[in-house]
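Below are some notes on the model, set out as numbered points for comparison with the coordinates.

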Amino acid sequence: KTTLNQKQEMGSCCLQEVLDYVIEEIGEEDKQLLLSSLNITKSKTLENLEEVINNVTWPRLSYELERLGRVDIVKHITKRTLITSDILIASSKLRSQCAEDIISSLVNEPLIGDRSQVHYQYNENLYTDLAVLKATEVDRETNNSDREALMEQRLLQKESIVMKDLFQSDDEVVFVRAVGGMGKTTMLEMYTHKLAKRELNIDFPVEFVFFFSCREINLVYKDIESVEELFRFKYPNIFKRLTLTDLEPIADRILIIIDGLDELQGVYECSKKTHKRSTCTPFKLVFDLINPKGHVLKGHKSIASGRPKACDFLKRKFIELKELEMKVIKIKTVEVCGFKDEDVEKYIERFFNGDVAKVKRVKDAICYSNNLKVMATVPVFTWVICNVYGEDLITKPLNTCTELYMYACLVFLRKHLQGVSSKTYRTLAEMLDDVNFMECVYSLMTLSVKTYMKNIVLFTEKDIRKLNCPIHLEQSGLIVKYERGETKQAVYQYKHLALQEFMTGLFLCVTRGITPYMTNRELTACAPVIFGIHRLKKENDFFNDFFMRLTHLHASKSKIFTRIILQPYRNWKFENYILNNSLEIPNCMLNTDSDYLVIDPFMPECQEFLTLFHEAKLKLDCPYSMAKVANCILYTVDLRNAIFFIKHLNLKLKTPTFLIGSDSLIINMERPECRQFIKILRESKVTLESPYSTVRFRNDLELNGHEVEFLFSRLHFKLNIPLSMIESESLIIIDMKNPE
């Protein structure tokens with residue numbers, strides 16, 4: 001006879017494998033003590049221990065085993081099993097739910113309009129490996145600009161990450177950081193999907209994977225009081241019979257993934273409550289979800305993704321936690337850098353799914369344009385390029401990111417508004433004649449600057465209605481609608497920050513209303529867009545027409561006082577901004593002790609200047625006629641910008657010290673910096689300021705014909721005879737077995 005108060009629910013009882021292990025490992029003496037501690041009296045039925053403890057809950061059983069000193073049994077069970085039937089069922093349900101979810105990919109989903117009009121495939125077939133940099137050295141200050149962060153990637157040789165290596169057994173927290181459109185969300189959703197289907201051969205056990213989007217947290221934080229409520233809200237079927245306390249024994253087999261840190265409401269205002277009724281802030285919820293040493297599932301693993309600035313901000317908070325509470329958390333950073341060149345081709349082929357003509361058209365466009373080749377490494381740009389060139393919307397090459405942003409917005413709006421407007425847009429030019437379309441663009445611009453410059457993530461139906469747009473902006477496809485709380489209040493958010501950044505820059509250029517934002521940190525992020533638009537007006541007739549129509553539309557909406565009194569002042573301030581921020585060479589490039597400029601894109605100020613100079617292509621008064629490239633190992637974009645700057649100003653290049661030998665220049669093509677410098681010389685076609693007129697080769701088999709011809713015909717170098725061929729003053733030995 002048992003004296004247990006009542007039979008427990010079957011779900012909370014131990015699994016058969018747990019009971020079997022307890023019976024196998026416990027001795028006769030401990031068995032009697034265990035029964036006694038469970039208040040079970042002796043009887044004939046006690047010969048079968050399994051039958052007796054079958055209805056004892058795990059918390060009670062583990063507690064009594066630990067009291068008997070059998071921690072070894074408890075430890076083995078928590079490490080090797082799922083303990084109870086409730087946990088086992090919940091794990092199976094969660095795997096099934098994750099495996100069946102349709103993945104929304106950043107590569108195509110945010111830019112998809114009418115799916116019948118686009119080449120859409122499920123991500124499992126379309127997904128292409130991404131290149132990464134394990135960024136142990138990237139703990140640097142960053143802003144939230146896609147462009148600047150893209151330029152700052154110090155990746156000399158890209159390699160595709162094997163998905164199973166994203167998180168490794170000794171990791172606790174992994175931050176996946178990248179600029180917008182690099183494929184962070186796609187990577188994490190695919191990782192979750194494959195974990196659920198047990199398709200990743202990882203070297204550590206994971207039984208539960210919980211995926212949270214910061215966009216979701218923005219919507220629900222007002223109505224919840226704790227992290228546990230957040231779990232119940234997101235996974236109601238999983239937590240019908242479970243609590244987080246039930247999962248604590250197996251916390252080391254739980255992985256929590258948080259996506260979109262940069263989209264979190266008030267992410268940089270962590271100490272400030274953002275709603276009166278809620279005791280939680282979005283930041284606190286996310287911080288607790290990530291923290292493996294906190295009070296939520298202590299010992300769990302976590303992955304968090306976002307733009308560099310947001311990731312670095314959260315990472316600093318964990319470093320501060322270490323200093324305050326002496327809690328050491330192992331943090332790894334993985335920087336996603338888009339596609340390698342060969343993976344761009346794979347993506348294009350999968351995107352068009354066998355349409356040979358379109359595959360060739362897009363590949364040719366990329367092949368013939370170095371700028372497109374650089375931009376195609378960013379997955380979201382690859383999608384845009386495929387859509388723009390795949391549909392014959394434009395045929396000319398694109399020169400800058402600004403142009404690609406412009407065409408991305410137009411292609412995107414064209415797809416979404418086809419079914420809304422009574423007109424069909426056969427070409428992009430036809431869109432400009434539609435008054436409703438232009439009103440829609442103007443409203444999107446206005447809303448962009450109001451939210452972006454104030455770092456506001458969410459806006460309401462009331463904010464949209466104030467714009468009086470004839471087309472509801474949700475129909476534009478650039479913003480997405482959510483319903484928040486029990487009242488189902490409608491809130492909205494821009495789908496992609498990169499396009500919002502372009503719309504913000506476009507508004508500032510059209511209205512020239514830059515004065516209110518001169519001290520705003522986000523203005524720096526928009527600067528490349530502003531300078532790029534300034535250049536586009538001069539070079540792209542289509543964009544100039546588009547821009548002038550927006551300018552006239554803005555004038556028609558302005559009051560007379562604004563047009564006559566305020567606008568001239570705005571024009572003057574805007575022109576001053578362009579002048580003062582585009583014609584000044586940064587101090588880090590000025591060498592006061594010598595007669596040459598120093599070009600070092602590893603210096604943030606130099607890098608930003610070269611980027612802006614390439615985007616805007618403005619005139620520049622340069623006090624020097626010669627330049628020195630301080631670091632010749634450059635990422636593709638930095639190399640392009642440096643070559644453009646040198647070529648545009650027709651600067652002579654100073655010979656780097658690694659090329660200077662005792663009596664001649666030494667060309668060693670095995671050295672990466674040597675290869676890069678020869679490339680800079682050849683592509684910029686400028687003069688080299690050299691102390692010697694002769695050159696000696698080492699490992700010259702690495703040279704190609706173009707480089708040899710350039711060195712001798714363009715730079716007029718003479719070739720030094722290798723010492724191994726000289727035997728005396730008048731005799732040259734020709735030995736073809738000698739590699740030199």
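**Notes on selected helices and a sheet**

1. Glu-28 and Glu-29 are exposed (over 50% relative accessible area, 1.4 Å probe, protein chains only), and they lie on the other side of helix α2 from a buried set (under 20%) made up of Asp-30, Lys-31, Leu-34, Leu-35 and Ser-37 in residues 28–37. The buried residues share one side of α2 because they cover an arc of only 160 degrees around the axis, taken from the directions from the helix axis to the C-beta atoms. Just after α2, Asn-39 has a positive phi of about 60 degrees.

2. This is a predicted model, in which local features need pLDDT of at least 70 and side-chain atom pairs count only at pLDDT 80 or more, while totals for chains, interfaces and linings use all residues. Residues are numbered from 1 along each chain as its sequence is written, and side-chain values use heavy atoms, with hydrogens and water left out.

3. Helix α1 (residues 16–25) packs against helix α5 (residues 71–80) at an angle of about 155 degrees, with the axes 11 Å apart, and α1 is therefore roughly antiparallel to α5 (angles over 145 degrees count as such). Contact (heavy atoms within 4.5 Å) is made by Val-18, Tyr-21, Val-22 and Glu-25 of α1 with Ile-73, His-76 and Ile-77 of α5.

4. An open sheet of 4 strands has the order β11-β12-β13-β15 with parallel pairing, where strands pair if DSSP finds at least two bridges between them. β11 (597–599) and β15 (688–689) are at the edges, each with a single partner strand, so one side of each lacks a neighbour in the sheet. Strand β13 (residues 652–654) is joined to β15 by 2 bridges, and Leu-653 stands opposite Leu-688 in β15.

Technical notes
Axes fitted to C-alpha atoms, helices over the stretch in contact; angles between N-to-C directions. Parallel < 35°, antiparallel > 145°, perpendicular 65-115°, else oblique.
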